[in-house]
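Welcome! Let's practise asking how a structural statement can be backed up.

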Amino acid sequence: MNKLILALAALGVVGCASVQLPPDQIDHFEAKVRSAKTIASFVEPTAGERGAFGMSAARTHLELATDQAEVAKTMARAGDTRALLLLARAQSDADLAVGIARKAEMHRRALEATEDLRAARGSQDAVTFANNSIQGSSR
């Protein structure tokens, strides 16, 4: 009988114990979230980059990652060892959000550079045309 009570008490202690999420993983996750939010394309997606609910794909993945991290913290407090897996999944979604936002930002910059080049070529053509017109009228 004493062994049964002792076993149940041990089970109660183990059942009430929380799972410790690695602080370095939490810090890394939070740094990724901050990094994604600083990328301009995360804030203002172009029309072709809008995903669910009119948000950018990066923002969608970051919202998902943030929600998963909160659930992982709740699960860890409840002693559920699956919290570690959910935190890893949240980290993956945060990494994906940063990658998508960086890609979108590079695409936006490339489009701006293309427009600048077209404008420069257009003004170059205008200058060449004007020079040719001036030289032609002075002959």
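Here are some questions and answers on this predicted model.

Q: Why is Gln91 called buried?
A: Buried means under 20% relative accessible area. Gln91 has a relative accessible area of 12%, so Gln91 is buried.

Q: Where is Gln91, and what is it in contact with?
A: The place of Gln91 is in helix α5. Leaving aside neighbours within four places in sequence, Gln91 is in contact with Gln25, His28, Phe29 and Lys32.

Q: How do you know that the distance between the end C-alpha atoms of α2 agrees with the expected span?
A: At 1.5 Å a residue, the 16 residues of α2 should span 22 Å. The end C-alpha atoms of α2 are 23 Å apart, which agrees.

Q: Which residues of α2 are buried?
A: In α2, Ile26, Phe29, Val33 and Ala36 are buried.

Q: What puts these buried residues on the same side of α2?
A: They cover an arc of only 90 degrees around the axis, so they lie on the same side of α2. On the other side of α2, Pro23, Asp24, Arg34 and Thr38 are exposed.

Q: Which residues have the most contacts inside the largest nonpolar core?
A: That core has 22 residues, and those with the most contacts inside it are Leu21, Phe29, Leu62 and Leu87. The elements that give two or more residues to this core are α2 (23–38), α4 (57–77) and α5 (83–138). Of these, α5 gives the most, with eight residues.

Q: What does Leu21 touch?
A: Not counting residues up to four places away in sequence, Leu21 touches Ile26, Ala72, Lys73, Ala76, Ala83, Leu84 and Leu87.

Conventions. Residues numbered from 1 in each chain as written. Predicted model: local features only at pLDDT ≥ 70, side-chain atom pairs only at ≥ 80, totals over all residues. Heavy atoms only, no water. Core = buried A, V, L, I, M, F, W, Y, C linked by side-chain atoms within 4.5 Å. Buried < 20%, exposed > 50% of the residue type's maximum accessible area, 1.4 Å probe, protein only. Helix = DSSP H or I, 4+ residues; strand = E, 2+ residues; numbered from the N terminus. Contact = heavy atoms within 4.5 Å. Expected span 1.5 Å × (residues − 1). Arc of directions from axis to C-beta.
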